Amino acid sequence: MSTAPMFPADLLTKSDDERLAYYKDEVIVDHPALTDTLEELDSKANPTLDRRLILLVGGTGLGKSAVAKKLVARRLARRKEQMLLRPEIVPAFLIELEPPDRGAFDFATLH
């Protein structure tokens with residue numbers, strides 16, 4: 001009995017870097033803690049505010065990027081019809097920042 005692969009078939013023909021990028025950027029495993037965190041964050045983010053910023057911080061490998069990507073996808077899906085009617089509306093987006101090579105991180109570098 002064979003099972004179909006859980007990844008795109010053409011991934012096998014790609015370079016090592018492309019395969020790594022697929023698993024790094026595209027694959028998110030749904031762990032119960034990830035789902036719980038996503039639910040709590042989504043429910044606590046006030047949908048009535050015109051502007052809001054959610055900052056996720058923590059150690060490496062805790063799931064910050066996974067939660068952020070899923071939260072943005074959820075919010076975009078929720079407002080899909082509204083965005084089709086009014087393309088200037090952007091209900092959510094994600095910016096991932098790299099830490100500096102030297103010195104302390106400063107938000108002023110974003111401006």
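Author: A salt bridge here means a side-chain nitrogen of Lys or Arg within 4 Å of a carboxyl oxygen of Asp or Glu. This is a predicted model, where local features need pLDDT of at least 70, side-chain atom pairs count only at pLDDT 80 or more, and totals for chains, interfaces and linings use all residues. Residues are numbered from 1 along each chain as its sequence is written, and side-chain values use heavy atoms, with hydrogens and water left out.

Reader: What makes Glu-88 and Arg-86 a salt bridge?

Author: Their closest N and O atoms are 3.0 Å apart. The cut-off is 4 Å, so the pair qualifies.

Reader: Why is Glu-88 called exposed?

Author: Its relative accessibility is 54%. Exposed means over 50%, buried means under 20%, and partly exposed lies in between (1.4 Å probe, protein chains only). Glu-88 is therefore exposed. Its partner Arg-86 has 43%, so Arg-86 counts as partly exposed.

Reader: How many salt bridges are there by this rule?

Author: Four. One of them joins Asp-10 and Lys-14, with the closest N and O atoms 3.6 Å apart. Asp-10 is partly exposed at 41%. Lys-14 is partly exposed as well, at 31%.

Reader: How do you know that Glu-39 and Arg-74 form a salt bridge?

Author: The closest N and O atoms are 2.8 Å apart. Glu-39 lies in helix H2 (residues 32-44) and Arg-74 in helix H3 (residues 64-78), so the pair ties together parts that are 35 residues apart in sequence. Glu-39 is partly exposed at 41%. Arg-74 is partly exposed at 25%.

Reader: Why does the chain read as α-α-α-α?

Author: The chain has four helices and zero strands. Both are DSSP runs numbered from the N terminus: helices are H or I of at least four residues, strands E of at least two.

Reader: Why is Leu-71 called buried or exposed?

Author: Its relative accessible area is 6%, so Leu-71 is buried. It is found in helix H3. Leu-71 and Asp-42 are 29 residues apart in sequence, yet their C-alpha atoms are 6.9 Å apart in space. Across the chain, buried residues make up 14% of the 111 residues.

Reader: Where is His-31 found?

Author: In the loop between helix H1 (16-25) and H2. Its relative accessible area is 49%, so His-31 is partly exposed. Its C-alpha atom is separated by 9.6 Å from that of Gly-63, 32 residues apart along the chain.

Reader: What lines the second largest pocket?

Author: Gly-58, Gly-59, Thr-60, Gly-61, Leu-62, Gly-63, Lys-64, Ser-65 and Ala-66. A pocket is an open set of points on a 1 Å grid over the protein atoms alone, where a 1.4 Å probe fits, with protein on both sides within 12 Å along at least five of seven lines; lining residues have an atom within 4 Å of a point. The volume is about 170 Å³.

Reader: How does the lining of the second largest pocket divide?

Author: Into two nonpolar, six polar and one charged. Gly counts as polar under this scheme.

Reader: Which residues make the nonpolar surface patch of about 520 Å²?

Author: Val-90, Phe-93, Ile-95, Leu-97 and Phe-105. Patch residues have over 30% relative accessible area and no salt bridge; nonpolar side chains (Val, Leu, Ile, Met, Phe, Trp, Tyr) are joined within 5 Å, like charges within 9 Å. Ile-95 has 57% relative accessibility, so Ile-95 counts as exposed. Its place is in the segment after helix H4 (80-85).

Definitions and conventions. Areas by Shrake-Rupley, 256 points an atom, 1.4 Å probe, with all protein chains shown as cover. Points joined across faces, edges and corners; volume = space filled by probe spheres on them.
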